[in-house]
Amino acid sequence: DGRMTTSSSSDDDDNDVGGGRGKRLVYLDSAATSHKPAVVVDALTRYYETLNSNVHRGAHALSRESTDAYERARDKVASFVNAHSRDEVVFTSGATEAINLVATSLGRTTRGGGGGGGGGGTPIDPGTGWHIGEGDEVLVTEAEHHSNIVPWQMLASRTGATLRYVPASSIADGFDVGALEGLVTRRTKLVSVQHVSNVLGTVNPVEAIVEYVRSNAAPDALILLDACQSVPHMRIDVRALGVDFVVASGHKMCGPTGIGFLWGREEVLNSMPPYKGGGEMIDEVYMDRSTYARSPARFEAGTPPIAQAIGLGAAIDYIDSIGIDRIHDYESELGDYLRRRLEDVGGVTVLGPPVGTERAALCAFVTDAVHPSDLGTFLDLEGVAIRSGHHCCQPLHRALGYSHSARASLYFYNTKEDVDDFVRALDNTLGFFRSLATGNDDESGGA
Ligand code: PMP
């Protein structure tokens with residue numbers, strides 16, 4: 001059932017609910033969040049109508065059934081990314097929470113200890129193992145999403161660790177692994193990079209980065225891959241990637257909001273102190289101390305996002321039914337088409353590496369005629385939904401010399417017709433703004 005839930009043309013929709021401004025909606029903002037197929041919405045409704053019950057604790061049938069459905073969703077995520085074990089998959093509210101979980105936990109000085117260990121805690125010897133403390137270094141890139149920068153800044157200010165950045169100049173036209181020289185040192189305890197940039201569209205060379213980090217960083221250095229913009233669009237095999245953590249958000253891959261996941265190597269997860277305390281994450285609780293469950297329960301304190309996880313499971317089934325490789329091939333072609341059409345529009349500069357480089361199906365761009373925010377507003381009047389702003393990448397924009405950009409991003413449900421409609425609307429809008437600048441209304445072309 002490929003019925004999409006956001007209305008595109010809304011003949012019977014006097015209130016313009018669903019976007020499109022009374023026109024055919026051209027949705028080019030899937031890098032921010034994807035649409036949800038009807039099967040996902042139905043899965044949420046079915047859960048609340050037929051299964052609603054808290055997981056893990058109840059002896060009654062409903063609770064068992066909702067627990068099964070919740071845990072089946074974990075299995076689906078595990079197999080989607082080829083995890084060794086379901087216990088390596090921790091549900092979080094999204095990629096942002098997954099990164100915060102890792103950054104918070106690694107900076108803590110109490111060890112959970114494989115199902116034992118105490119909340120009173122054994123301090124991890126600073127400077128050894130996976131713990132990050134004073135004198136240690138964390139490396140990210142200047143092109144990261146804020147969610148892969150700010151949690152590490154917070155970790156650094158809490159612990160006295162140093163946060164270092166791979167400069168945007170070594171990434172903007174494709175990740176230059178040579179740029180890691182001098183930045184990855186024996187003090188580097190963690191490297192966190194995005195797989196695919198949500199602005200540049202670059203696909204980072206994970207294998208080469210991993211190889212460099214493994215040979216030059218501290219012996220126990222960990223590598224986190226922010227796979228928000230890759231998991232929905234290409235086959236991800238966590239075993240082949242060779243990293244320690246992968247994070248992603250469900251809402252960018254046809255799933256509901258409020259659900260994402262952290263994949264981590266089991267050995268690492270089970271040695272990490274909990275991130276949040278509460279029900280479900282414990283083994284035993286005494287008045288003066290507690291012992292902790294193993295992963296994934298250790299990191300899922302409280303009632304989890306049950307319906308959302310089940311919805312994510314339905315989204316994975318949906319993507320599987322189309323085929324992630326087919327999605328990737330289709331998007332590669334459509335993404336190239338988008339880029340070529342955009343570059344044919346005079347006065348448009350597309351950010352990121354040149355044509356011919358492997359790129360995600362998204363283009364962030366600036367124009368010589370109109371501010372990205374005005375462009376977004378005018379295109380919206382034409383029924384075209386794009387994003388404008390810094391896309392949560394202020395340091396990257398600053399380094400590129402822009403405060404904002406506009407971004408059109410695609411998913412498998414977009415078509416060449418969408419791209420053509422977008423480019424036509426863009427052309428009209430640029431014509432209108434140029435005519436304002438020259439005071440010649442005849443050239444407006446109508447915006
Ligand atoms: N990293 C990247 C590369 C992203 O594109 C996003 C979402 N825009 C995030 C992290 C954060 O994801 P979320 O807001 O869903 O937690």
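In this predicted model, helix α9 (residues 324–343) and helix α12 (residues 416–438) pack side by side, in that their axes come within 10 Å and cross at roughly 20°. Angles under 35 degrees count as roughly parallel, so α9 and α12 are roughly parallel to each other. As for handedness, α9 passes α12 in a right-handed crossing. It takes two numbers to sum up a pair like this: two packed helices are described by the angle between their axes and the distance between the axes.

Which residues of α9 and α12 actually meet? On the α9 side they are Glu333, Leu334, Tyr337, Leu338, Arg341 and Leu342. Across from them, α12 brings in Lys416, Val419, Asp420, Phe422, Val423 and Leu426. Sorted by class, this contact has 8 nonpolar and 4 charged residues, and no polar ones.

Next comes the inside of the protein. In soluble globular proteins, nonpolar side chains tend to be buried together. Here, the largest nonpolar core has 80 residues, and Leu180 and Val243 are the ones with the most contacts inside it. Helix α8 (residues 306–322) supplies the largest share of this core, with 10 residues. There is also a second, separate core of 29 residues, and among its members are Ala95, Ile132, Val268 and Leu269.

Back to valine 243: what does Val243 touch once its neighbours within four places in sequence are set aside? The list has Val206, Val210, Ile223, Leu225 and Trp263 on it, along with two arginines, Arg214 and Arg265.

Finally, a few spots in the backbone stand out. Most residues other than glycine have a negative phi, and most peptide bonds are trans. Where does a cis peptide bond turn up in this chain? One joins serine 295 and proline 296, with omega at about 5°. Proline 296 sits in the loop between β10 (290–292) and α8, the helix that gives the largest core its largest share of residues.

Another loop, between β14 (387–389) and α11 (394–400), holds histidine 391, and cysteine 392 is found there too. Histidine 391 has a positive phi, near 50°, and the phi of cysteine 392 is positive as well, near 60°. Is each of these residues buried or partly exposed? With a relative accessible area of 7%, histidine 391 is buried, because buried means under 20%. Cysteine 392, at 31% relative accessibility, counts as partly exposed.

Methods: Residues are numbered from 1 along each chain as its sequence is written. This is a predicted model: local features need pLDDT of at least 70, side-chain atom pairs count only at pLDDT 80 or more; totals for chains, interfaces and linings use all residues. Side-chain values use heavy atoms; hydrogens and water are left out. A nonpolar core is a set of buried Ala, Val, Leu, Ile, Met, Phe, Trp, Tyr and Cys residues joined through side-chain atoms within 4.5 Å. Buried means under 20% relative accessible area, exposed over 50%, partly exposed in between (1.4 Å probe, protein chains only). Helices (H or I, at least four residues) and strands (E, at least two) are DSSP runs, numbered from the N terminus. Contact means heavy atoms within 4.5 Å. Axes are lines fitted to C-alpha atoms, for helices over the stretch in contact, and angles run from 0 to 180 degrees between N-to-C directions. Angles under 35 degrees count as roughly parallel, over 145 as roughly antiparallel, 65 to 115 as roughly perpendicular and the rest as oblique. A crossing is left-handed if the near helix is turned anticlockwise from the far one by less than a right angle, and right-handed if clockwise. Ala, Val, Leu, Ile, Met, Phe, Trp, Tyr, Cys and Pro count as nonpolar, Asp, Glu, Lys and Arg as charged, and the others, Gly among them, as polar.
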